[in-house]
Amino acid sequence: MAENIIVRVQSPEGMKKIPSTKRETAAAFLKKVAKEFGFSSNGFSVYLNRNKTGEIVSQNKALSLLKIKHGDMLFLFPSGASGSSSEVMDVADEIDQFLAKQDGKIYRNRDPQLCRHGPMGKCVHCVPLEPFDEDYLNHLDPPVKHMSFHAYIRKLTGGADKGKFVALENISCKIRSGCEGHPPWPEGICTKCQPSAITLSRQKYRHVDNIMFENHTIADRFLDFWRKTGNQRMGYLYGRYTEHKDIPLGIRAEVAAIYEPPQIGTQNSLELVDDPKAAAVEEIAAKLGLCKVGWIFTDLLSEDTRIGTVRYSRNKDSHFLSAEECITAGHFQNKHPNPCRLSPDGHFGSKFVTVVATGGPDNQVHFEGYQVSNQCMALVRDECLLPCRDAPELGYAKESSTEQYVPDVFYKDKDKFGNDITYLARPLPVEYLIIDITTTFPKDPVYTFSSVHRFPIENRDVLGETQVKMRGQNLPVGSPVLLPPISDMLQPLLSCSNNLPPSVAGTVGGQPSGSHDYGAMSGPSAPTSASAMWSCLHCTFMNQPGTELCEMCSLPRS
């Protein structure tokens, strides 16, 4: 009797497990793969290796002769896919592709006291360290509690098998579909379809290692709403992901702008409302080379509005984020998954960050960054986590009902004698779900957006700060970010970000870019050179020399 085996096949769309036998021919196996992935017989190629070597062709050779064993991972590429294998398999961000090519090792100089070899030799005291070396990370100043995600990947793939059997499985709290041996829940359930119990643990890695605002003006303009109204405020962070060199293979979320969507805020609550301009904001941000990297909200109560001091609005000794805020962060992270080639689903975790503007012990505003763990993301995605009404620092794992099966959720803690005790997560301290991220401002401010004038920030009509329209034009003053869809009038504003000479342009990611102000996507005013073109004082459009009326809004130059 032929020995049954399972062969894993990974594609850009995810991984599938193909049942087979050792004696099955390659031709028969490829037919199964085509059926499973929905390809025609010639619409794909399968390789033994990720670098597109060792192609499995349709022939009568048995899988055993091709040295394909139980549990092996094969790699499928659709026909016509161009570029390198990493470009096809990785739908990751540019920063992921960049870090995947880096060496990542921590190089050390020869120790004059401990090293007993010549200048060209290496020993245990000076040999390069791996990026996931916990002792090295713990001795950094300040110590690093969480290794970077790419260092974590190197740890998984650094063994003798080079991660051949590594698969980052996303947690599922739902009953697996397709089980026909019993009636559906609540009448029946079995070990094949029942999701596993979850024991919460503090995550050892994080997808983002640092959050940096380009300059203080971005944050100050966001806080102005709270200063003027006393009501809480929320915004989306737009920027880019870059290398964070302070941590091996680290990632930094650089914030270039804050977009404030329509919302209803009070001193104690925030409610988001439907945003008809959301698609336009995303489209324009993408054309400017930016993406949504996180969200920010205030948690402030004024101590004295006359001098601007603040105090905590929560008990700083009990929790950093409330359970409800953790659930909201998990919701946002699920909406922005992190592409990952080692996951059968094609994604794992998220780079979406949470920033809280809150009071500090010095009665000044502090910015604190967080993410929630992948375990929390799964509990939120599958609607298994609830906040506790009277204890904001506690969450509550739902109990199973006739409508929904919920797996048991546990966490471990020490009792008064120092023994590890397992508790049912009803209730659950949210500290088990939170990963803290250092939030900083650079010594030398950077301004992606700058202009002669600052314009009103979007969706602040309650303050009387409206973005009015002029002379029947479709262009709100200083706020082209609100036009849905991007009109022909807006295209020159976007295109000039790539066409301005360096003497006129600002800087975006080290490349010349237009000096325009997009609502809250702004920095302080900065003069522009008028050697060739001139900027309209009303709509910021860059006009050709020799003209006195703006080509965009038809208003005079002065």
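Helix H6 is followed by Gly230, whose phi is positive, near 80°. The model described here is predicted, and this end of H6 is a convenient place to enter it.

H6 covers residues 216–229, which makes 14 residues. From the first C-alpha to the last, the helix reaches 21 Å, close to the 20 Å expected at 1.5 Å a residue. H6 also bends, by about 30°, at Leu223. At the start of the helix, the backbone nitrogen of Thr217 has a side-chain oxygen of Asn215 within 3.1 Å. The buried residues of H6 are Thr217, Ile218, Ala219, Arg221, Phe222, Leu223, Phe225 and Trp226. When reading such a list, it helps to recall that an α-helix has 3.6 residues a turn, so residues three or four places apart point the same way.

Next come some of the strands. E20 (residues 385–387) and E21 run antiparallel and are joined by three bridges. The connection between E20 and E21 is a hairpin of six residues. Within this pairing, Pro387 has Gly395 of E21 as its bridge partner. E21 also runs antiparallel to strand E24 (residues 428–429), with two bridges joining them. Here Leu394 stands opposite Pro429 in E24. E21 itself spans residues 394–397, and its side chains alternate. Gly395 and Ala397 point to one face and are buried, while Leu394 and Tyr396 point to the other and are not.

Two of the loops beside these strands hold less usual backbone geometry. Most residues other than glycine have a negative phi, and most peptide bonds are trans. Glu383 is not a glycine, yet its phi is positive, about 55°. This residue lies in the loop between helix H9 (374–381) and E20, and at 56% relative accessibility Glu383 counts as exposed. In the loop between strand E23 (420–424) and E24 lies Pro427. The peptide bond from Arg426 to Pro427 is cis, with omega near 10°.

Similar cases are found elsewhere in the chain. A cis peptide bond joins Asp141 and Pro142, with omega about 0°. Pro142 belongs to the loop between helix H4 (134–138) and strand E6 (147–148). Asn459 has a positive phi of about 60° although it is not a glycine. Its loop is the one between strand E25 (434–440) and helix H10 (491–499). With a relative accessibility of 29%, Asn459 counts as partly exposed.

The aromatic rings give another way through the structure, which holds 16 aromatic pairs. One of them is formed by Phe213 and Phe367, which are tilted, with 5.7 Å centre to centre and 50° between the planes. Phe213 lies in strand E9 (residues 210–213) and Phe367 in strand E19 (residues 365–372), so the pair ties together parts that are 154 residues apart in sequence. Both Phe213 and Phe367 are buried. A further pair is made by Phe332 and Phe352: the ring centres are 5.6 Å apart and the planes meet at 40°, so this pair is tilted. Phe332 sits in helix H8 (residues 323–335), and Phe352 in the loop between strand E17 (347–350) and strand E18 (353–359), 20 residues apart. Phe332 counts as buried at 5% relative accessibility, and Phe352 counts as buried at 1%. Ring pairs also link Phe332 and Phe352 with Tyr236, Trp295 and Phe297 into a cluster.

A charged type of side chain can be considered next. Is Glu254 buried or exposed? Glu254 is found in strand E11 (residues 250–259), and it is buried, with a relative accessible area of 16%. The side chain of Glu254 makes a polar contact with the side chain of Thr242, at 3.1 Å.

Last come the cysteines. How many disulfides does the structure hold? It holds zero. Cys384 shows why a bond is missing there: the closest cysteine sulfur, in Cys173, is 4.3 Å from the sulfur of Cys384, too far for a bond. A disulfide requires the two sulfur atoms to be within 2.5 Å. Cys384 is buried, with a relative accessible area of 1%, whereas Cys388 is partly exposed, with a relative accessible area of 21%.

Technical notes:
Residues are numbered from 1 along each chain as its sequence is written. This is a predicted model: local features need pLDDT of at least 70, side-chain atom pairs count only at pLDDT 80 or more; totals for chains, interfaces and linings use all residues. Side-chain values use heavy atoms; hydrogens and water are left out. Buried means under 20% relative accessible area, exposed over 50%, partly exposed in between (1.4 Å probe, protein chains only). Helices (H or I, at least four residues) and strands (E, at least two) are DSSP runs, numbered from the N terminus. The expected span of a helix is 1.5 Å times one less than its number of residues. The bend at a residue is the angle between axes fitted to the seven residues ending there and the seven starting there. A polar contact is a pair of N or O atoms within 3.5 Å; within protein, one must be able to donate a hydrogen and the other to accept it, and residues adjacent in sequence count only if both atoms are side-chain atoms. Two strands pair if DSSP finds at least two bridges between them. Rings of Phe, Tyr and Trp (its six-membered ring) pair if their centres lie within 6.5 Å; planes under 30 degrees apart count as stacked, over 60 as edge-to-face and the rest as tilted.
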